[in-house]
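Reader: I should like a close look at the sheet of this structure. Please describe how the strands are arranged and what packs against them.

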Amino acid sequence: MKAIITVVGQDQVGIVARVASQLAELKVNIIDISQTLMHGSFTMILMGEWDGEQQSFDQIKTALSELGQHLGLDIRMQRQELFDAIQKL
């Protein structure tokens, strides 16, 4: 299973490390990642892949949302299939 994960918020030390650590604990492999700073705001988008039989989409989404609340960041997750369907239109 694949998903696109976005992270947006005020820049702070350790954002990439904290998100990557949470994904590793959830057994999500980061297969692509991009991050930048825009006038003090941190933005990151990544594609993660995992075995859907071990972790559900909703379990991972909830864990990332809770991490975002803890760090004061907006972390969102969308299924890759959504983007694939849009490209076919």
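Author: **The sheet and its surroundings**

From the N terminus on, the elements of this predicted model follow the order β-α-β-β-α-β-α. In total, the chain contains three helices and four strands.

The four strands make up an open sheet, arranged in the order S2-S3-S1-S4 with antiparallel pairing. Strand S2 (29-38) and strand S4 (74-79) each have a single partner strand and stand at the edges, so one side of each is left without a neighbour in the sheet. On average, and with direction ignored, neighbouring strands of the sheet are turned by 15 degrees against each other.

The pairing of S2 with strand S3 (residues 41-49) may be taken as a detailed example. These two strands run antiparallel and are joined by nine bridges. One residue pair can be located directly in the model: Ile33 has Leu46 of S3 as its bridge partner.

Two helices are to be considered alongside the sheet. Helix H2 (residues 57-71) packs on the sheet, where it touches S1 and S4, and its direction makes about 165 degrees with that of S4. Helix H1 (residues 15-25) lies across strand S1 (2-10), S2, S3 and S4, and runs at about 20 degrees to S3.

The side chains of these elements lead to the largest nonpolar core, which has 21 residues; those touching the most other members are Ile5, Val7, Val19, Ile75 and Met77. At least two residues of this core are supplied by each of S1, H1, S3, H2 and S4. H2 contributes the largest share, namely six residues.

Ile5 illustrates how this core draws on separate parts of the chain. When neighbours within four places in sequence are left aside, Ile5 is in contact with Leu23, Met44, Ile45, Leu46, Leu64, Ile75, Arg76 and Met77. Among these contacts is Leu46, the residue already named as the bridge partner of Ile33. Ile75 and Met77 are also contacts of Ile5, and both belong to the group of core residues that touch the most other members.

The sheet may finally be placed within the chain as a whole. Of the contacts with a separation of 6 or more, 65% are between residues 24 or more positions apart. Buried residues account for 34% of the 89 residues. The C-alpha trace spans about 35 × 30 × 20 Å along its principal axes. The radius of gyration is 13 Å, which agrees with the value near 12 Å for a compact globule with 89 residues. The accessible surface amounts to about 5700 Å², and carbon and sulfur atoms hold 50% of this surface.

Definitions and conventions: Residues numbered from 1 in each chain as written. Predicted model: local features only at pLDDT ≥ 70, side-chain atom pairs only at ≥ 80, totals over all residues. Heavy atoms only, no water. Pairing = 2+ DSSP bridges. Axes fitted to C-alpha atoms, helices over the stretch in contact; angles between N-to-C directions. Contact = heavy atoms within 4.5 Å. Core = buried A, V, L, I, M, F, W, Y, C linked by side-chain atoms within 4.5 Å. Buried < 20%, exposed > 50% of the residue type's maximum accessible area, 1.4 Å probe, protein only. Rg over C-alpha atoms; globule rule 2.2 N^0.38 Å. Areas by Shrake-Rupley, 256 points an atom, 1.4 Å probe, with all protein chains shown as cover.
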